[in-house]
Amino acid sequence: MYFNSYIFIFLFVPLTVAGYFALDHFGKKRIGQAWLVLMSLCFYSYGTPWLFFLITASMAGNYIFSILMKHFRHPRLFGTLGVVFDLGLLFYFKYFDFFISNVNAFFNAGWELKHIILPMGISFYTFQQISYIVDRARGKAEHYALLDYMIFVTFFPQLVAGPIVRHNELVPQFRDAAKKSLNWENLTKGSVLFVLGLSKKILLADMLSLIADQGYGDIAALDSPGALLTMLAYTFQIYFDFSAYSDMALGLGLMMNISLPHNFDQPYRSRSIREFWRRWHITLGQFLAEYVYIPLGGNRKGKPRRALNTLILFFLSGLWHGAAWNFVLWGLCHGIVIAFEDLFEAPLKKLEASKPGRFLRWLGAFVIINFSWVLFRVSSLKQVPQFFGRLFSFSENGSVSVLAQAADNAFLFIPVQLAKKLLGEHYFYVYFVFVLLLLLVSAVLAGRKEAWAYTEKGVFKKKMILPLAVLFFLSVISLSKVVVFLYSNF
Amino acid sequence: MTQKEYKRFFLGFLLCAGVLLFLAALAVFLFDPFFHYHGLWLGMKGVQTKEEFQVNGALEHLDYDAVLLGASVTMNMNTDPLDEHFGCRTQKAVASGAHCCTLAYYLDKAYQNRDIRYVFWGLDPDQIFYEIDDPPTQDQILYLRDKNPFNDVNYLWNADVLLQEIPHTAGLSWKNSYDPGTAYDFLAIKAPNMEEALATHHPEGEIRPVRRGTEGEAKRRLEENLDLIEELVAAHPETKFKFFFTVSSILWWDIHYRDGNYEKYFDGQKRAVERLSVYDNVRFYAGVFNDRACLLDLTHYYDYCHADREVSLRQVYALINDEHIITPDNITEETDTLRDILFEFENRLIAEDGDWNFLYEYAGLADE
């Protein structure tokens, strides 16, 4: 089930939240938690029942290793086995075909692909469970009651596309009796955050995707301005798409008095790639730092080793995002830039002393981020030189016009009809104006505070009700043909 | 802010959003551009431009006593002359790439709702060779076909319906500039163009062995499809069934010359005539399906397959004038004519070394 669906918004959420608080009202707190687990499992396996068995098996495996660690010594052994179990599941469902196709490519093996369907959100809940198993092995986590463990893994707001939540961030909140009762402040803040996220996804990300999909769908037809527009559209699309999902997840959690960790903090304001990763998908960065980078030695073993550790970290980050070489290249690209940033730390810091210097650093980082999203978005590595070839062809063939018209949507129908009357054959300027506005709004919003920062303040005036309701209304009526969330495929 | 103030804000938001959503649903219900709830009122003219969304509702709620069935190649046929000549009101029940069972489903639906005097059935060659499958149930439009009131939210709260379909439908209706006979006409989308027609043609290089429709799987599918049609014909002797072979350009036949299917299609046409002509309420028309000019003049085509209004109108008049009737006795002759034109075309193509430019010689042929 997707957040951006009628059934989720109008049936699932009201039923789940009302059921949770109603059970609390009648003093059935543990049953309330069980209700959340049950609804979360329904959310996950809706339309694809076998996912229920997969996530149950995954949870059961990890929970058994936790029991073994509780009753026997050798936490390192069981911890290792637990991680192998998790990575094995992830490898099979996410990387098996990638592995086979590479073996075939390098060794002419001719092994058959299994065409395994990637289960939604497997990367997210597997990483969460790895963090728990490793913490158990390190003696940093207690063995939880089954229901606590199940809510930690399945809690639906963060199940499919994060944020990646640590057990010690979530379980104590569910144990806190004070957090079980209906709290109008949290319900309101959560709802507002959900609506802001929903509208960001539908009214911005999905509109931008019309342009990006058209551009990346026919790279050969692009000229330089067209490639630039395509690249920018995707840069904003992926940010609004993913951060919108995180906003909605945070909002949903808050409705039930659960605080989830922030995942974004104005990433496109970063002045370096290292800073970008402190602001983008924050919980993944934290996970990889704690469970990969630091165990590898982090930055404690000299500069060459630090650079190597960074590259390993970003190689894994790329691979986590997708089982294809373009994702690996994307990750490595970021890793290499960060290694250089570390190497030239002193002169780069000097640059920050002046305003133009800071601007230059921001520009440099933003350009690198944009270029690297090309690696992320293409459907094969072959398209990378093709895209950059078009970007730096310094040619003009009117592809911007095609891209602008690809952004056609129901909201433009009446403006276009009016423009046809007023401007005749020049009516398509409406599309240019729309695209320009879309990019402008995107740039302004990307530079402003995250939605969670606004709602955290919690000062809602009466005059905000109508605009908020209109945003919700426009988002809901756009639901029937919106695209799926990009990050649930990872 | 106090808990009470938050509560007021939250409930105020719910109320506002609820009112907006209610008004949207009300507007969709009243204008109902896909005829899901009711027939025409408020001065609406029954504007039909999206067949997959509208045919089902139109068959249920609009007024008609004749049905034009067919795939996309029948969409451009203007039904006004048919209505005028036969004194009926024809409803188009068309679907892109329609399988025979889809059309049978539509016809069933029509019989459930109306008394049908005429059925004009565009029998394109591949229609009767598809596997019999379930009636169309594409997920995206299931809400228009089933009786589940809950999935109607897809229709009632739909930006395309609210901001595009309703203004479009109301605009055309109230301006009185819509002719229902031109429902689903391609001209609303684009104009015919020979260059574009040629640009859509990507034939295979190799020529595959000829396949027949009289053997194996093809025969089974053909007979099953004809069973389906025959059942409808036999069950409704009160209805006059006028089957006609649809016309496609020579480029379409070129594709099937190369994939080896053209003889299969001739076999299918022959078998359809043999099986269905035995019924008194059935008549078969060749129309312009083997008309040299209609096949070769690509200035009348949108792509390698779909002809424009003019060619379609000739098809309509063939039905009206009762001309070019096909019987089991002359069907072989009719398909021979088409085969000859196809072979002549292929030979010329070889002689021209694969250069399509000779087709410009035929431009304007259909207008003469």
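## The sheet in chain B

Let's start with the sheet. In this predicted model, chain B holds an open sheet of six strands, and their order across the sheet is 2-1-3-4-5-6. The pairing is mixed. Two strands sit at the edges, namely strand 2 (90-94) and strand 6 (325-326) of chain B, and each of them pairs on one side only. One helix to look for here is helix 4 (residues 100-113) of chain B, which packs on the sheet and touches strand 1 (66-70), strand 2 and strand 3 of chain B. The direction of helix 4 makes about 170° with that of strand 1 of chain B.

What holds strands like these together? Strands of a sheet pair through backbone hydrogen bonds, and they can do so in a parallel or an antiparallel way.

## Walking across the strands

Now follow the pairs one by one. Strand 1 of chain B runs parallel to strand 3 of chain B, and four bridges join them. Within that pair, Ala66(B) has Tyr118(B) of strand 3 as its bridge partner. Next, strand 3 (residues 118-123) of chain B is joined by six bridges to strand 4 (residues 240-245) of chain B, and these two run parallel. You can pick out two of the partners in strand 4: Phe241(B) is matched with Val119(B), and Phe245(B) is matched with Leu123(B).

Keep going and you reach strand 5 (residues 282-285) of chain B, which pairs with strand 4 of chain B in the parallel sense over four bridges. Here Phe244(B) has Tyr285(B) of strand 5 as its bridge partner. Then comes a change of direction: strand 5 and strand 6 of chain B run antiparallel, joined by two bridges. In that pair, Phe284(B) stands opposite Ile326(B) of strand 6.

## A strand that is covered up

Is strand 3 of chain B buried or exposed? Six of its six residues are buried, so strand 3 of chain B is largely enclosed by the rest of the structure. Both of its faces are covered. On one side you find Tyr118(B), Phe120(B) and Gly122(B), and on the other Val119(B), Trp121(B) and Leu123(B), all of them buried.

## A buried loop residue

Loops can have buried residues too, and Leu298(B) is a case to look at. Leu298(B) lies in the loop between helix 12 (292-296) and helix 13 (309-320) of chain B. Why does Leu298(B) count as buried? It has 28 other C-beta atoms within 10 Å, and the cut-off for being buried is 20 or more.

Who are the neighbours? If you skip those within four places in sequence, Leu298(B) is in contact with Met194(B), Ala197(B), Leu198(B), Ser249(B) and Leu359(B). Also, Leu298(B) and Tyr360(B) are 62 residues apart in sequence, yet their C-alpha atoms are 8.1 Å apart in space.

## Chain B as a whole

Step back and take in all of chain B. It has 14 helices and six strands, and 43% of its 368 residues count as buried. Its C-alpha atoms fill a box of roughly 85 × 50 × 45 Å along the principal axes.

Now take the contacts in chain B with a separation of 6 or more: 83% of them are between residues 24 or more positions apart.

## Where chain A meets chain B

How many residues does each chain bring to the contact? Chain A brings 25 residues and chain B brings 23. On the chain A side, the elements that give two or more residues are helix 9 (184-217), helix 19 (413-423) and helix 22 (465-477) of chain A. Helix 22 of chain A gives the most, with nine residues. The chain A side divides into 18 nonpolar, five polar and two charged residues.

## Two helices crossing in chain A

Helix 9 of chain A also packs against a helix in its own chain. The axes of helix 9 and helix 18 (residues 399-406) of chain A come within 8 Å and cross at roughly 135°. The two helices are therefore oblique to each other, and their crossing is right-handed.

Helix 9 of chain A makes this contact with Leu210(A), Ile211(A), Gln214(A) and Gly215(A), while helix 18 of chain A uses Val402(A), Leu403(A) and Ala406(A). Sorted by type, the residues of this contact are five nonpolar, two polar and no charged.

Definitions and conventions: Residues are numbered from 1 along each chain as its sequence is written. Chains are lettered from A and ligands numbered from 1 in the order in which they are written. This is a predicted model: local features need pLDDT of at least 70, side-chain atom pairs count only at pLDDT 80 or more; totals for chains, interfaces and linings use all residues. A residue is buried if 20 or more other C-beta atoms lie within 10 Å of its own, exposed if 12 or fewer, and partly exposed in between; C-beta atoms are placed from the backbone. Two residues are in contact if their C-beta atoms, placed from the backbone, lie within 7 Å. Two strands pair if DSSP finds at least two bridges between them. Axes are lines fitted to C-alpha atoms, for helices over the stretch in contact, and angles run from 0 to 180 degrees between N-to-C directions. Ala, Val, Leu, Ile, Met, Phe, Trp, Tyr, Cys and Pro count as nonpolar, Asp, Glu, Lys and Arg as charged, and the others, Gly among them, as polar. Angles under 35 degrees count as roughly parallel, over 145 as roughly antiparallel, 65 to 115 as roughly perpendicular and the rest as oblique. A crossing is left-handed if the near helix is turned anticlockwise from the far one by less than a right angle, and right-handed if clockwise.
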